[in-house]
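Visitor: I would like to learn how to read a model of this kind. Where do we start?

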Amino acid sequence: MAPDDHSNSKQQGIDLPAPTSAPFVCAFGVTLIFSGIVTNWAVSILGFVLALVGAIRWWHEVLPDNQKECIPFQSERPIVKPKVGGVAHLMTADSPHRARLPMEIHPYGAGIKGGIAGGIVMAIIAGTWGVVSHGSVWYPVNILGSTILPTMQGDDAAQLAQWHTASFVFGILIHAIMSSLVGLLYGIILPMVPHFRLAFSAIAIPLMWTGLTWASLEVINPLLQNEINWLVFIGSQVGFGITCWFVVSRSERIGTMQNWSMLERIGVESPNVPPIGGDE
Amino acid sequence: MTALDHSGNPLRAKATFLGRMHEWVSTADHKKLGVMYVTTGLLFFLIGGLEATMMRWQLAVPDSSLLSPSDFNRLFTMHGTTMVFLVGMPILLGVANYIIPMQIGARDLAFPRLNAFGFWLFLFGGLLLYFSYFGAQGLYGMGSSPDVGWFAYAPLTERTYSRGHSTDYWILGLLVSSFGSIATGINLITTILTMRCPGMTLMKMPVMVWVMLIDAILIMIAMPPLAAAQVMLLFDRLMGAHFFDVQGGGSAILWQNLFWFFGHPEVYILILPAFAYVSEIIPVFCRKVIFGYPLMVAATVSIGFISLGVWVHHLFALGLSPMVNTIFMGSTMLIAIPTGLKMFNWVGTMIGGKIRFDTPMLFSTGFLALFLIGGLTGVMLSVVPFDWQVSDSYFVVGHFHYVLFGGLVFAIFAAIYYWFPKVTGKMLSETLGKWQFWLLFIGFNLTFGPMHVSGMLGMPRRIYTYHADRGWELWNMLSSIGVLVQIAGVTFFVWNVIQSLRKGKDAGADPWDGWTLEWATTSPPPEYNFEEIPKVYSCRPLWDLKHPEDPDWKYE
Amino acid sequence: MTTLKAQSMTVQAPPEPKSQLLNSGKCGMLCLIVSEIAFFGTLLAVYLFYIGKDPVGTIAPSDVLDVSVAPMKVVFNSIFLLTSSIWITLAVRCLARGNIMGFALWWLLTILFGAEFLVGTGMEWYGLIAVEGLTIRTNLFGSGFFTVVGFHAAHVTIGLFLLSLVFVLTCLGKMHKRHAEKVELLSWYWHFVDGIWIAVFTIVYILGN
């Protein structure tokens, strides 16, 4: 079972292992040995004899030295020709399609600021609606608070118009957190929107958000659906969107590291400084 | 087999039929053995497909009585066993046998005679398994094949429950053929590690060689435990030992662990070659170097490692402790990461390439799509609660057919279309190939897509019929219709092979403008492969020769 | 492939590749040993799993395999098997130096020591089966014991057969210095059989009690 020598001994041909039926006979014998278990012991005996015969022939092939056969060269010889025509290289890091990632972004703080400003505008619109339609500025904040306060979940319009301390605290808290988080999201997404950023923030997102709220309200608090005026809801969202867009887009832009090399990104080299000894 | 004889050897080519048979039987040439492996694998594929067709025929309508329950049990056992051990294994070993030595610039495998021995063991093992149809009651009865499922769960396989010799045939047939697989696996490892041509360092091997190295290592490690488990089962049955005999204190769960400790690596043994073929074909047909070669290698190695530690996900429904289940759920999800990496690398190779949609590329693209679906349902199944819901249902059947048929078989067809010109010197017909691809693709999805639905609706696998009021009729009918479409596709393939062998277009040495060493010699190659052992300087030696002004070794 | 080389010389010459070749015989033998270890590992894992799972009242390992009670039996045998590894190493060294006579002597000693182990195992089995009444059908311990030790003994037998074959060839004068490498591979197999015995001994005779 030693490796066969693949050397190129003579010029007319190449030595390869000689064909032998030993493995075939031996394998057949081994199979018969096993078949005897389920048929008849005589089959196993026959198999053993065959396997032994095969094995002995096999050893004759390899044991003093491996048997070889010289295969003469064939007349046809393959030639690998160089191909005419140049090689097109794929464009790498600075190619245009990478520019889809934002090369410049707004600072994250701008998004949060926009969210807070938008939240204030939203609260003003909602409060105005409360005063106009139900005569109470607390009405909208109570709706928000009642989504998580179990004690308020059966309340009718009259009860919602009254002052509830807990509901006020929770309502404002929810509103503040949601506003700043959504603002943060605006700040991150807006630089990636290629065109019509105002339409995106003032129409597309408010509509999507309203749809999401409308669909999930069934799960959160089904009774509330009657208490919300969806038109005003959309209006307050649009107010949020415009304000947030305004604040975010007025902030300064900072460049990303998209087109920096790996060494520059991890701080080994500084960007835009030619390397020492560079012949640029 | 003799029809494929293109040995290119003027001395020994005897005109007589007997002489040619003797030449094939006594050969130690890796190319002839490779052709015999693939041909027998494809023949067994037709047999296994026939078994599947009969099962789908039975299941097409509810309350069908075409097949008896015991016949049905035999069919699914033989179908599974055949497809895994007698189709997947020989084809992957055969393609590796043929291609690997040429890709690494060698003249043969390290142990040519052992290679022949391995092939004949595989073939005789397979024939022994099928002989059970005639001799499984011993030689005194009618005979019938094994009927215990391809994973042969104890204690169903014990003497008490499985009378006669059918289970013994299952054990012995697989034992013999797995000896052959282990021998060939060892042969491949040795060849790859020791016989590379000058200049081919490990990181300059084609991706296929890397993948097959890991595959062979898995064969070497995972198949002996199966042999050990089968020997213990055999001792139970023949000598009255008690390993898996529950009355005698033995453990049925132990068998499940032992089987799947082999069985899950086996799944990766089967799918890794698919990765190998696709990794060779996609770059050539996109005219781009493979994307992320080092990552590809690292992903292959980590798949090899992790696959040895995920087998318990087959046993989620067994009632092991939540801790064990959670650990194996984690490892199973972990293996999706390197596999996903490979998907991204293939897609990354395609992006920006000048893609030619010849049949090999078509099948490779089909592989990407179908294997992705199979991989995703695999991740779904790795979640224990979901697995509990659909365990042993047709959802699982759909999942692993998307992996092994949509994955492996599509990649095998891609490989056959890709290397057939090299092996025979003739091109396969592109028109017939495209017909085959689309029929197979549509038929495949029609058959196995609805299985996810019927599985979700609660249809258990391995039932021989079902009542009409379960809501499974439509889905089963669709699956069965899909089989007809697939048969049409396979018929196109058989016709294509016959036609092309008789009057196919001449291929020439390098029909696809390939980059690995097998394309540097004639088609079919001479017995010695290379007149002079080539020297390589990069991953793509033929690219270097074709583009001397811009060779790869400048960049590596 | 002459052309292949000729053309690569016309372009700017790349760095000349170094050829790197492991010995394929050694690599193949190592792989065989790894797969054998996987096989025995499975058998031993099953044996470990079943330790102490037999119902009380049937024959237990401590009844028949206690090393401290009858140290001469199995420990004696093990010493024979393990020392044979030393003799085979000495034999291979002799052959590598071209000392055929020394090779034959050490080789014969290896065969005799291995045969002693096999006879010892046979006597132990006879005692267990005929005197103690422990067979493969008795209980889980019987099943595991005879399977594990039996497979090890089968490997020793195969090894002895191959060793004897080489010995016969040596006596016929067909072994030469250049065969040292093939013979060394056989010695690796023998070392593996010995190494596995250490694992079998530890698990069956020590942990099993």
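Guide: With a term: helices here are DSSP runs of H or I with at least four residues, and strands are runs of E with at least two. The model is predicted. Counted that way, chain B has 15 helices and zero strands.

Visitor: How compact is chain B for its length?

Guide: The radius of gyration is compared with a globule rule that depends on the number of residues. For chain B the radius is 23 Å, close to the 24 Å that the rule gives for 556 residues, so chain B is as compact as a globular protein of that length. Along the principal axes, its C-alpha atoms fill a box of roughly 70 × 50 × 40 Å.

Visitor: What percentage of the residues of chain B count as buried?

Guide: A residue is buried if 20 or more other C-beta atoms lie within 10 Å of its own. In chain B, 61% of the 556 residues count as buried. As for the contacts between residues at least 6 apart in sequence, 80% join residues at least 24 apart.

Visitor: How many residues of chain B are in contact with chain A?

Guide: 46 residues of chain B touch 38 residues of chain A. The elements of chain B that give two or more residues to this side are helix H4 (112-135), helix H5 (166-194) and helix H15 (541-546). H4(B) gives the most, with eleven residues. By residue class, this side of chain B has 26 nonpolar, twelve polar and eight charged residues.

Visitor: And which elements of chain B supply the side that touches chain C?

Guide: There, 41 residues of chain B are in contact with 36 residues of chain C. H5, helix H6 (207-239) and helix H7 (252-286) of chain B each supply at least two residues. The largest share, ten residues, comes from H6(B). This side of chain B divides into 31 nonpolar, seven polar and three charged residues.

Visitor: What is the average pLDDT of chain A?

Guide: pLDDT is the predictor's confidence in each residue, from 0 to 100. Chain A averages 79, and 79% of its residues score at least 70. Among the elements of chain A, helix H1 (residues 22-38) has the highest mean pLDDT, 93, and helix H9 (residues 262-265) the lowest, 65.

Visitor: Where in chain A does the pLDDT stay under 50?

Guide: One such stretch is residues 95-99 of chain A, for which the model has two contacts beyond four places in sequence. Residues 273-280 of chain A also have pLDDT below 50, and this stretch has two contacts in the model beyond near neighbours in sequence.

Conventions
Residues are numbered from 1 along each chain as its sequence is written. Chains are lettered from A and ligands numbered from 1 in the order in which they are written. This is a predicted model: local features need pLDDT of at least 70, side-chain atom pairs count only at pLDDT 80 or more; totals for chains, interfaces and linings use all residues. The radius of gyration is taken over C-alpha atoms; the globule rule is 2.2 Å times the number of residues to the power 0.38. A residue is buried if 20 or more other C-beta atoms lie within 10 Å of its own, exposed if 12 or fewer, and partly exposed in between; C-beta atoms are placed from the backbone. Two residues are in contact if their C-beta atoms, placed from the backbone, lie within 7 Å. Ala, Val, Leu, Ile, Met, Phe, Trp, Tyr, Cys and Pro count as nonpolar, Asp, Glu, Lys and Arg as charged, and the others, Gly among them, as polar.
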